[in-house]
Amino acid sequence: MANSEIKMKMSLVTAGVTSALGKAKTSISNFATSANEKLGSVAKLVSMGLTAAFVAFAKKAIDYGSAMSDMAEQNRISTDALQGLSAVALKAGVGIQDITRAMRNANIRTQEAIDGNTKYGDALIRLKLNLEEFSKLPTERKLEAISKAYKDAGKSQQAYTDVATILGTKAGPKMLEVLRRLADEGFDNLSDSMKEAGLVMNESTITAMDKAADAIEKFKLKATIKIGGLISGEADGAAMKALGGRFMAMMAKVGEWMGNAFLGALKHLTAGLGATVQ
């Protein structure tokens, strides 16, 4: 990705960012004061807990977004589709590793069938799936097509074996409940229901989280190298200072985003606390 993106436009961190963070700090302080007056020591504990929880969830959000971005690219699937299928799989007790393995197997073995592998080609034929048409489907639609073919075959032992052949002998059997829901409800309906349930992070947010994760990892690598130079006596003091400045600028941008998100949550929480004590 572009260097300017990795740095998260750190050169643009100005008084505007400082102002935004200042407003966030003031609003959080006002919330804490109001809560202390109404609920005393309990509110202090709640406020501290909320802050700690927010920081933890912010890290989880960055890790989740970055992981989803990487897995979606590896499996040739959109982040929306991957999350939708993952949410369905979770409800069926299937882990993300199993569903990504099934998707990877479906893509690789379809190509191998095209290249002449009769084992995979015959399995698709018995499932009454046209190889040429099937190969052109996006990953999530491949799973949907397999689910409908398995259902149409009456979920016979042969169809079960063929599904396991395409999706993998380990992942295939674990995917049966997911396949059942795909066949009965359809991918689009399932995906929409997962979005409505708040189980899908939108693509722009995932992209931002992925960039944040990359920027943090790049900084950690640079810091490790610089500190190594410091220990060996070869470090440039000015370079260390500049690196620290770039890190603070990057954290200011991340802090601005987190602060704005936190303020939105605090509005709802403040209203809820107000209703509780009235």
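Let us start where two helices meet: R109, E112 and A113 of helix 5 touch Y120, G121 and L124 of helix 6. Sorted by class, this contact between helix 5 and helix 6 brings together three nonpolar residues, one polar residue and two charged residues. To find the pair in the model, look for helix 5 at residues 96-114 and helix 6 at residues 118-126. Their axes lie 7 Å apart, and the packing angle is about 100°. Angles of 65 to 115 degrees count as roughly perpendicular, so helix 5 is roughly perpendicular to helix 6. Keep in mind as you explore that this is a predicted model.

Stay on helix 5 for a moment and look for T110, which belongs to this helix. Is T110 buried or exposed? Its relative accessible area is 3%, and the cut-off for buried is under 20%, so T110 counts as buried. What does T110 touch, once residues up to four places away in sequence are set aside? The list is N105, L131, F134, S135 and K142.

Now return to helix 6 and follow its contact with another partner, helix 9. Helix 9 covers residues 157-167. Here the packing angle is about 135°, and the axes are 9 Å apart. An angle of about 135° falls outside the ranges for roughly parallel, roughly perpendicular and roughly antiparallel, and therefore helix 6 and helix 9 are oblique to each other. The crossing of helix 6 past helix 9 is left-handed. On the helix 6 side, the contact is made by K119, Y120, A123, L124 and R126, while helix 9 contributes Q158, D162, T165 and I166. By class, the contact of helix 6 with helix 9 has four nonpolar residues, two polar residues and three charged residues. You may recognise two names here: Y120 and L124 of helix 6 also meet helix 5.

One residue of helix 9 deserves a closer look, and that is D162. How accessible is D162? Its relative accessibility is 2%, so D162 counts as buried. Leaving out neighbours within four places in sequence, D162 is in contact with A123, R126 and L127. Both A123 and R126 are among the helix 6 residues in the contact with helix 9.

Helix 9 also leads us onward to helix 11, which runs over residues 176-185. Which residues of helix 11 are buried? They are V178, L179, R181, L182 and A183. These buried residues pack against helix 9, and also against helix 4 (79-91), helix 8 (139-152) and helix 12 (187-196). Just after helix 11 comes G186, which takes a positive phi of about 85°.

Two further residues have a positive phi, although neither is a glycine. One is R76, with a phi of about 55°. R76 sits in the loop between helix 3 (41-74) and helix 4. With a relative accessible area of 66%, R76 is exposed, because the cut-off for exposed is over 50%. The other is K155, a residue that is not a glycine and has a positive phi of about 55°. You will find K155 in the loop between helix 8 and helix 9. At 44% relative accessibility, K155 counts as partly exposed.

Next, move to helix 12 and pick out K195. K195 has a relative accessibility of 39%, so this residue counts as partly exposed. How far apart are K195 and A87? In sequence they are separated by 108 residues, yet in space their C-alpha atoms are 9.6 Å apart. Not counting residues up to four places away in sequence, K195 touches D80 and V200.

Finally, step back and take in the protein chain as a whole. How many helices and strands are there? The chain has 14 helices and zero strands, so reading along the sequence gives α at every step of the pattern. Of the 278 residues, 38% are buried. Take the contacts between residues at least 6 apart in sequence: 71% of them join residues at least 24 apart. As for the surface, the chain exposes about 15,800 Å², and carbon and sulfur atoms supply 57% of that area.

Definitions and conventions. Residues are numbered from 1 along each chain as its sequence is written. This is a predicted model: local features need pLDDT of at least 70, side-chain atom pairs count only at pLDDT 80 or more; totals for chains, interfaces and linings use all residues. Side-chain values use heavy atoms; hydrogens and water are left out. Helices (H or I, at least four residues) and strands (E, at least two) are DSSP runs, numbered from the N terminus. Buried means under 20% relative accessible area, exposed over 50%, partly exposed in between (1.4 Å probe, protein chains only). Contact means heavy atoms within 4.5 Å. Axes are lines fitted to C-alpha atoms, for helices over the stretch in contact, and angles run from 0 to 180 degrees between N-to-C directions. Angles under 35 degrees count as roughly parallel, over 145 as roughly antiparallel, 65 to 115 as roughly perpendicular and the rest as oblique. A crossing is left-handed if the near helix is turned anticlockwise from the far one by less than a right angle, and right-handed if clockwise. Ala, Val, Leu, Ile, Met, Phe, Trp, Tyr, Cys and Pro count as nonpolar, Asp, Glu, Lys and Arg as charged, and the others, Gly among them, as polar. Accessible areas come from the Shrake-Rupley method with a 1.4 Å probe; for residues, only the protein chains shown count as cover.
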